[in-house]
Amino acid sequence: MYWRWLWLCLKMIYQLLCCSVSLIFFCFNVFWLFCNLAIPWGTLTLLVVCVASKFVKLQRSPNEKRLLSLLSAPDDWPSYWPIANRAAGYDAPENSKAAIKKCLTRGYRNVLLDAGLTSCGEIVIANPSRLAVAQQPLSELQKLNITEQHPMGSQFEAESVATLRQLADYVEAEATSATLFLRLHDNSARMLDQLHKFMAANEPFTQRTIVISRSPLAIYQLRKLHPEIICGLWHETYLSLAMLKSSTLITSIYGAIFRNIIAPVIGISVVFLSKEEFNLHIADLWRNVGVRPIVYMVNSPNEKRYFQKTMKIQYLTDSLRSEPHLLMKA
């Protein structure tokens, strides 16, 4: 009986070794097939895409001086560096006219605002994460007092959600020095069509606005309709998986595709990058393809000083009260 059990155990071990060897050979054959077929075909496909991108790409902003005038010059320090996210939504009700006015009064003219599309097809200036813009008509949204949602709302007059038309009228009347970054949260064909029609009919507003989207396809479609629009890409941190982040090769290929293929094809002028994935090398790579990098979100005084003095990069911030030069004066 003992020898029988021993024989069975040896037989099982032998079968396990045979299976392991077979698995190793199978993996080796798959790897060999990948190296001999997938990599060459993948390289060829990438080469074809690179060549094709040269024929379908859109021109960047036709007037580089216009972009430089919008972003202002470093001589305007310290107002040059920050871009007020949602018109500095920590300091005043976000996306409000009062917040825009407060930014300009302080001497900061670069303002980023959110844009969404209501259920009735109207473009409004609102944060979709706070207001269910897509599910409500304009009539319902304008019943809301957006100042009530801010901790210091009692210091401001009541204000409703503004439409894109109302924003353009306000900027034309009271904020002619402002540079607007309009971040699209809805990249649907309906949104792009409405925005194109509005900007085509409102040239002064178009001249002072930079449209930002996280969708390369939306940017391409919008600039194909209206090439004069200056656009920027909001680069999300897609590579959140530890496995992907640990692979320098994958990260490099991913970044190269965005910089050397997608950016030239869609014709962007600026790109918003997360501060977590930003360094001087990345900045130089984007500048080499003619795109100006901007970092988000930078709120602490030390971080702001670092990006001003060391990186020399403009940044997106939620508050202008933490600007280094203001704290030094205090």
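Trainee: Happy to start with the sheet. Which residue in strand 2 is the bridge partner of Ala84?

Mentor: Good place to begin, and keep in mind that this is a predicted model. Strand 1 runs in parallel with strand 2 (residues 110-117), and two bridges link the pair. Within strand 2, the residue bridged to Ala84 is Val111.

Trainee: And on strand 10, which residue does Pro82 stand opposite?

Mentor: Strand 10 covers residues 315-317 and also pairs with strand 1 in the parallel sense, over three bridges. There, the residue opposite Pro82 is Tyr315.

Trainee: Are the two faces of strand 1 covered or open?

Mentor: Let's take the faces in turn. In a regular strand, side chains alternate between the two faces of the sheet. In strand 1 (residues 82-85), Pro82 and Ala84 lie on one side, with Ile83 and Asn85 on the other. All four are buried, so with the cut-off at under 20% relative accessible area, both faces are covered.

Trainee: What is the handedness of the β-α-β unit that strand 1, helix 3 and strand 2 make?

Mentor: Follow the path from strand 1 through helix 3, which spans residues 97-106, and on to strand 2. The handedness of this β-α-β unit is right-handed.

Trainee: Ile100 caught my eye. With which residues is Ile100 in contact, leaving aside neighbours within four places in sequence?

Mentor: Nonpolar side chains tend to be buried together in soluble globular proteins. Here the largest nonpolar core has 61 residues, and Ile100 is among those touching the most other members, along with Leu164, Leu167, Leu195, Ile268, Phe278 and Trp286. Beyond its sequence neighbours, the contacts of Ile100 are Ala87, Val111, Leu113, Leu167, Tyr170 and Ala175.

Trainee: What volume does the largest cavity have?

Mentor: You'll meet Ile100 again here, since the residues lining the largest cavity include Ile100, Leu113 and Leu167. Asn95, Ser96, Lys97, Ile125 and Ala162 line this cavity too. The count is one cavity of 30 Å³ or more, and the volume of the largest is about 30 Å³.

Trainee: Last one: why does His196 count as buried?

Mentor: His196 sits in helix 6 (residues 189-201), and touches Leu222, Leu225 and His226 when residues up to four places away are not counted. Ile229, 33 residues from His196 in sequence, is 9.2 Å away, C-alpha to C-alpha. Buried means under 20% relative accessible area, and His196 counts as buried because its value is 19%.

Methods. Residues are numbered from 1 along each chain as its sequence is written. This is a predicted model: local features need pLDDT of at least 70, side-chain atom pairs count only at pLDDT 80 or more; totals for chains, interfaces and linings use all residues. Side-chain values use heavy atoms; hydrogens and water are left out. A nonpolar core is a set of buried Ala, Val, Leu, Ile, Met, Phe, Trp, Tyr and Cys residues joined through side-chain atoms within 4.5 Å. Buried means under 20% relative accessible area, exposed over 50%, partly exposed in between (1.4 Å probe, protein chains only). Contact means heavy atoms within 4.5 Å. Two strands pair if DSSP finds at least two bridges between them. A crossover is right-handed if, with the strands pointing away from the viewer, the path from the first strand over the helix to the second runs clockwise. On a 1 Å grid over the protein atoms alone, a cavity is a set of points where a 1.4 Å probe fits but cannot get out, and a pocket is an open set with protein on both sides within 12 Å along at least five of seven lines; lining residues have an atom within 4 Å of a point. Grid points are joined across faces, edges and corners, and a volume is the space filled by probe spheres set on the points.
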